[in-house]
Amino acid sequence: MTAAAASSPGSAPIKVLLADDEGLVRSGFKVLLDLEDDITVVGEATNGAEAVERARAIRPDVVLMDIRMPKVDGIQATSQIAKTSGLQQVRVLILTTYETDAYVFEALQAGASGFLLKDAGPAELLHAVRVVAAGDALLAPRITRRLIAQFTAQRTATQAGENRLAVLTQREREVLALVGQGLSNDEIGAELFLSPATARTHVSHAMGKLGARDRAQLVVIAYQTGLVSP
């Protein structure tokens, strides 16, 4: 997604809250993000508790959330933000240092819209912020699919998959399976010979029936229920 696609001319800039206990990390992100016309940093937090408090006060569009922080970690903070009335539109983008961090899966379950490695390049970070702010999930990178597969493999057998998916139509199941593979609405439409708008409608219906906050949680459900195999 381009900057133009995420932010139309004259629209308000994307408001970002930085939550990381390392001051240098926050400063680096702030300098990078504030250089963009369509993004502005509106606050900082040094731990998860502060992140939740600032999110309630500022109501940012995106929270860049480190997983490992003192007092309240990023997962707990993400869960609290996701469950807070009035913060439904706040998207959490998880930041992690470790490619094999098991907490990433827990963060997606808690309500995160995706995650990014801290050593990602500037262009990748800016793209991630814009994608998440637009209401999409950051699911395309190879590492996301690998991590979700790795940390749901042992859970799949214990999930009552058929019972959970019984509320979906056959078409919605097909769409959910493709969402689980990281496909966009355009790609789903091409695969199933549907228009992107129709694919988007099926995704929305699946989210509503399964109680998923966004596409990231649909991916988790697709693996949990065995609809997509690691």
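Reader: How much area does the chain expose, and what share of it do carbon and sulfur atoms supply?
Author: The model is predicted. The chain exposes about 10,500 Å². Of this area, the share supplied by carbon and sulfur atoms is 52%.

Reader: What percentage of the residues in the chain are buried?
Author: A residue counts as buried when its relative accessible area is under 20%. The chain has 230 residues. Buried residues make up 49%.

Reader: Is Val129 buried or exposed?
Author: Val129 lies in helix H6, residues 122-133. Its relative accessible area is 0%, and the cut-off for a buried residue is under 20%. Val129 is therefore buried.

Reader: Which residues is Val129 in contact with, leaving aside its neighbours within four places in sequence?
Author: One residue to look at is Leu64, which is 65 residues apart from Val129 along the chain. Their C-alpha atoms are separated by 8.3 Å. With those neighbours left aside, the contacts of Val129 are Ile14, Val16, Leu33, Ile39, Val62, Leu64 and Leu93.

Reader: Where do the buried residues of H2 fall, seen down the axis of the helix?
Author: The buried residues of H2 are Val25, Arg26, Phe29 and Leu33. Seen down the axis, they fall within an arc of 95 degrees, so they line one face of the helix.

Reader: Which exposed residues does the face of H2 turned away from its buried side carry?
Author: The buried residues of H2 pack against strands S1, S2, S3 and S4 and against H6. The face turned away from that buried side carries the exposed residues Leu24 and Val31.

How values were computed:
Residues are numbered from 1 along each chain as its sequence is written. This is a predicted model: local features need pLDDT of at least 70, side-chain atom pairs count only at pLDDT 80 or more; totals for chains, interfaces and linings use all residues. Side-chain values use heavy atoms; hydrogens and water are left out. Helices (H or I, at least four residues) and strands (E, at least two) are DSSP runs, numbered from the N terminus. Buried means under 20% relative accessible area, exposed over 50%, partly exposed in between (1.4 Å probe, protein chains only). Contact means heavy atoms within 4.5 Å. The arc is that of the directions from the helix axis to the C-beta atoms. Accessible areas come from the Shrake-Rupley method with a 1.4 Å probe; for residues, only the protein chains shown count as cover.
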